[in-house]
Amino acid sequence: LVALLAVAVSLTVVLVTGFLLFKQYAHHNLELVAQQASYSLEVPVVFNDPVAAQETLAPIVADESIDEISVTMASGKVLTKWERPGRLSNSLLARLVYPDAIEAPVGPRGQRLASVRVMGGAQGLDRLLTGTILGALGCLVTFIGTGMIGARLRRTIFEPIQSIAEVAQAVKSDRTFERRAPRAGIAEG
(Lines give C-alpha, C1' and ligand atoms only; values in the text may rest on other atoms or scores of the structure.)
Protein backbone atom coordinates (compact mmCIF):
# COMPACT_ATOMS: atom_id res chain seq x y z
CA LEU A 1 0.00 0.00 0.00
CA VAL A 2 2.86 2.36 0.83
CA ALA A 3 4.56 1.50 -2.46
CA LEU A 4 1.32 2.10 -4.38
CA LEU A 5 0.91 5.45 -2.66
CA ALA A 6 4.53 6.37 -3.45
CA VAL A 7 4.04 5.45 -7.12
CA ALA A 8 0.78 7.43 -7.27
CA VAL A 9 2.33 10.52 -5.66
CA SER A 10 5.41 10.30 -7.89
CA LEU A 11 3.28 9.90 -11.01
CA THR A 12 1.12 12.87 -10.00
CA VAL A 13 4.17 15.07 -9.41
CA VAL A 14 5.67 14.04 -12.75
CA LEU A 15 2.37 14.66 -14.54
CA VAL A 16 1.80 18.11 -13.05
CA THR A 17 5.42 19.16 -13.56
CA GLY A 18 5.42 17.86 -17.13
CA PHE A 19 2.18 19.64 -17.93
CA LEU A 20 3.41 22.95 -16.47
CA LEU A 21 6.70 22.70 -18.37
CA PHE A 22 4.86 21.79 -21.57
CA LYS A 23 2.55 24.76 -21.10
CA GLN A 24 5.49 27.11 -20.57
CA TYR A 25 7.36 25.82 -23.64
CA ALA A 26 4.20 25.87 -25.76
CA HIS A 27 3.48 29.48 -24.80
CA HIS A 28 7.07 30.51 -25.56
CA ASN A 29 6.89 28.66 -28.90
CA LEU A 30 3.65 30.47 -29.76
CA GLU A 31 5.30 33.83 -28.98
CA LEU A 32 8.18 32.92 -31.32
CA VAL A 33 5.74 31.89 -34.06
CA ALA A 34 3.89 35.21 -33.71
CA GLN A 35 7.18 37.13 -33.86
CA GLN A 36 8.33 35.16 -36.91
CA ALA A 37 5.02 35.78 -38.65
CA SER A 38 5.26 39.47 -37.77
CA TYR A 39 8.65 39.82 -39.47
CA SER A 40 7.68 37.66 -42.45
CA LEU A 41 4.43 39.53 -43.11
CA GLU A 42 5.88 43.06 -43.30
CA VAL A 43 6.02 43.18 -47.12
CA PRO A 44 2.56 41.69 -47.76
CA VAL A 45 1.09 44.08 -45.14
CA VAL A 46 2.83 47.16 -46.58
CA PHE A 47 1.47 46.28 -50.04
CA ASN A 48 -1.90 45.12 -48.66
CA ASP A 49 -1.54 41.81 -50.53
CA PRO A 50 -3.68 39.00 -49.06
CA VAL A 51 -2.38 36.39 -51.54
CA ALA A 52 1.25 37.08 -50.61
CA ALA A 53 0.24 37.07 -46.92
CA GLN A 54 -1.37 33.64 -47.34
CA GLU A 55 1.73 32.32 -49.14
CA THR A 56 3.96 33.73 -46.41
CA LEU A 57 1.87 32.00 -43.73
CA ALA A 58 1.92 28.59 -45.46
CA PRO A 59 5.25 27.36 -44.00
CA ILE A 60 4.47 28.91 -40.62
CA VAL A 61 1.09 27.20 -40.24
CA ALA A 62 2.60 23.82 -41.07
CA ASP A 63 3.51 23.73 -37.35
CA GLU A 64 1.04 21.41 -35.63
CA SER A 65 0.75 23.57 -32.53
CA ILE A 66 -1.13 26.32 -34.38
CA ASP A 67 -4.91 26.21 -34.75
CA GLU A 68 -5.51 29.67 -36.14
CA ILE A 69 -3.51 32.62 -37.41
CA SER A 70 -4.92 35.88 -38.71
CA VAL A 71 -3.54 39.20 -39.91
CA THR A 72 -5.66 42.25 -39.16
CA MET A 73 -4.82 45.66 -40.61
CA ALA A 74 -4.80 48.71 -38.34
CA SER A 75 -8.11 49.73 -39.93
CA GLY A 76 -9.72 46.52 -38.60
CA LYS A 77 -9.88 44.77 -41.98
CA VAL A 78 -8.73 41.15 -41.92
CA LEU A 79 -5.99 40.76 -44.52
CA THR A 80 -5.86 36.97 -44.24
CA LYS A 81 -6.91 34.22 -41.89
CA TRP A 82 -6.01 30.55 -41.66
CA GLU A 83 -7.66 27.87 -39.52
CA ARG A 84 -6.50 24.29 -39.11
CA PRO A 85 -9.01 21.98 -40.81
CA GLY A 86 -10.68 19.63 -38.36
CA ARG A 87 -9.32 21.42 -35.31
CA LEU A 88 -10.88 20.86 -31.93
CA SER A 89 -12.25 24.34 -31.46
CA ASN A 90 -12.49 25.39 -27.84
CA SER A 91 -11.29 22.03 -26.58
CA LEU A 92 -10.61 21.94 -22.85
CA LEU A 93 -7.07 20.74 -23.45
CA ALA A 94 -6.27 23.60 -25.84
CA ARG A 95 -7.74 26.14 -23.41
CA LEU A 96 -5.64 24.73 -20.54
CA VAL A 97 -2.40 25.00 -22.50
CA TYR A 98 -3.15 28.07 -24.62
CA PRO A 99 -5.69 30.18 -22.72
CA ASP A 100 -5.12 33.31 -24.81
CA ALA A 101 -4.06 34.14 -28.34
CA ILE A 102 -0.66 35.73 -28.85
CA GLU A 103 -0.52 38.98 -30.81
CA ALA A 104 2.44 40.70 -32.40
CA PRO A 105 2.59 44.01 -34.30
CA VAL A 106 3.42 43.98 -38.02
CA GLY A 107 5.16 46.90 -39.65
CA PRO A 108 8.54 48.34 -40.52
CA ARG A 109 10.62 50.10 -37.84
CA GLY A 110 8.10 49.84 -35.05
CA GLN A 111 5.11 51.15 -37.06
CA ARG A 112 1.98 49.15 -36.34
CA LEU A 113 0.38 48.69 -39.75
CA ALA A 114 -1.29 45.45 -38.72
CA SER A 115 -1.21 42.77 -36.08
CA VAL A 116 -0.83 39.03 -36.34
CA ARG A 117 -2.85 36.90 -33.94
CA VAL A 118 -1.85 33.28 -33.29
CA MET A 119 -3.97 30.68 -31.48
CA GLY A 120 -2.33 27.49 -30.24
CA GLY A 121 -3.81 24.06 -30.71
CA ALA A 122 -3.87 20.85 -28.75
CA GLN A 123 -2.72 18.51 -31.50
CA GLY A 124 0.76 18.08 -30.01
CA LEU A 125 -0.67 17.13 -26.63
CA ASP A 126 -1.87 13.74 -27.82
CA ARG A 127 1.72 12.45 -27.79
CA LEU A 128 2.23 13.84 -24.29
CA LEU A 129 -0.97 12.21 -23.02
CA THR A 130 -0.18 8.91 -24.75
CA GLY A 131 3.29 8.87 -23.20
CA THR A 132 1.84 9.71 -19.80
CA ILE A 133 -0.77 6.96 -19.99
CA LEU A 134 1.82 4.43 -21.16
CA GLY A 135 4.13 5.54 -18.34
CA ALA A 136 1.33 5.15 -15.80
CA LEU A 137 0.50 1.68 -17.12
CA GLY A 138 4.20 0.78 -16.97
CA CYS A 139 4.35 1.90 -13.34
CA LEU A 140 1.23 -0.10 -12.53
CA VAL A 141 2.58 -3.25 -14.21
CA THR A 142 5.90 -2.78 -12.41
CA PHE A 143 4.10 -2.36 -9.09
CA ILE A 144 1.98 -5.48 -9.62
CA GLY A 145 5.00 -7.48 -10.80
CA THR A 146 7.07 -6.37 -7.82
CA GLY A 147 4.25 -7.30 -5.46
CA MET A 148 3.95 -10.77 -7.01
CA ILE A 149 7.71 -11.36 -6.84
CA GLY A 150 7.77 -10.15 -3.23
CA ALA A 151 4.91 -12.47 -2.25
CA ARG A 152 6.65 -15.43 -3.89
CA LEU A 153 9.94 -14.63 -2.15
CA ARG A 154 8.12 -14.37 1.17
CA ARG A 155 6.47 -17.79 0.65
CA THR A 156 9.56 -19.60 -0.62
CA ILE A 157 12.37 -18.02 1.42
CA PHE A 158 11.20 -15.88 4.32
CA GLU A 159 8.44 -18.15 5.73
CA PRO A 160 10.65 -21.31 5.82
CA ILE A 161 13.48 -19.37 7.48
CA GLN A 162 11.01 -17.90 9.96
CA SER A 163 9.72 -21.42 10.75
CA ILE A 164 13.29 -22.61 11.42
CA ALA A 165 13.88 -19.60 13.68
CA GLU A 166 10.64 -20.33 15.63
CA VAL A 167 11.65 -23.99 16.11
CA ALA A 168 15.14 -22.94 17.24
CA GLN A 169 13.62 -20.46 19.70
CA ALA A 170 11.20 -23.11 21.04
CA VAL A 171 14.05 -25.61 21.49
CA LYS A 172 16.17 -23.01 23.26
CA SER A 173 13.51 -21.64 25.58
CA ASP A 174 11.11 -24.60 26.12
CA ARG A 175 13.55 -27.50 25.52
CA THR A 176 11.08 -29.07 23.08
CA PHE A 177 13.52 -31.16 21.03
CA GLU A 178 10.80 -33.10 19.23
CA ARG A 179 9.49 -30.05 17.37
CA ARG A 180 10.41 -29.88 13.64
CA ALA A 181 10.23 -27.15 11.00
CA PRO A 182 7.92 -27.83 8.06
CA ARG A 183 9.56 -29.03 4.87
CA ALA A 184 10.68 -26.11 2.68
CA GLY A 185 10.24 -26.00 -1.08
CA ILE A 186 13.79 -24.81 -1.63
CA ALA A 187 17.05 -26.67 -1.28
CA GLU A 188 20.46 -25.30 -0.44
CA GLY A 189 22.88 -25.50 -3.33
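**Getting to know the salt bridges**

Q: What does lysine 81 count as at 45% relative accessibility?
A: The relative accessibility of lysine 81 is 45%. Buried means under 20% relative accessible area and exposed means over 50%, with partly exposed in between (1.4 Å probe, protein chains only). Lysine 81 therefore counts as partly exposed.

Q: What kind of model is this?
A: Residues are numbered from 1 along each chain as its sequence is written, and side-chain values use heavy atoms, leaving out hydrogens and water. Local features need pLDDT of at least 70 and side-chain atom pairs pLDDT 80 or more, while totals for chains, interfaces and linings use all residues, because this is a predicted model.

Q: With which residue does lysine 81 form a salt bridge?
A: A salt bridge needs a side-chain nitrogen of Lys or Arg within 4 Å of a carboxyl oxygen of Asp or Glu. For lysine 81, the closest N and O atoms are 3.5 Å apart. The partner is itself partly exposed, at 40% relative accessibility. That partner is glutamate 83.

Q: In which strand does the salt-bridge partner of arginine 117, glutamate 103, lie?
A: Helices (H or I, at least four residues) and strands (E, at least two) are DSSP runs numbered from the N terminus. Arginine 117 and glutamate 103 have their closest N and O atoms 3.9 Å apart. Arginine 117 lies in strand 4, so the pair ties together parts 14 residues apart in sequence, and glutamate 103 lies in strand 3.

Q: What is the relative accessibility of glutamate 103?
A: Let us look at both ends of this pair. Arginine 117 counts as partly exposed at 33% relative accessibility. Glutamate 103 also counts as partly exposed, because its relative accessibility is 47%.

Q: Which residue meets glutamate 159 in a salt bridge?
A: Glutamate 159 is partly exposed, with a relative accessible area of 36%. Its partner, at 43% relative accessibility, counts as partly exposed. The two side chains meet at 3.8 Å, N to O, and the partner is arginine 154.

Q: Which residues are linked in a network of salt bridges?
A: The structure holds five salt bridges. One of them joins lysine 81 to glutamate 83, and another joins arginine 117 to glutamate 103. The linked residues are Glu68, Lys81, Glu83, Glu103 and Arg117.

Q: Which residues does isoleucine 69 touch?
A: Contact means heavy atoms within 4.5 Å. Residues up to four places away in sequence are not counted for isoleucine 69. Lys81 and Arg117, both seen in the network above, are among the residues touched by isoleucine 69. The full list is Ala37, Leu57, Ile60, Val61, Thr80, Lys81, Trp82, Val116, Arg117 and Val118.
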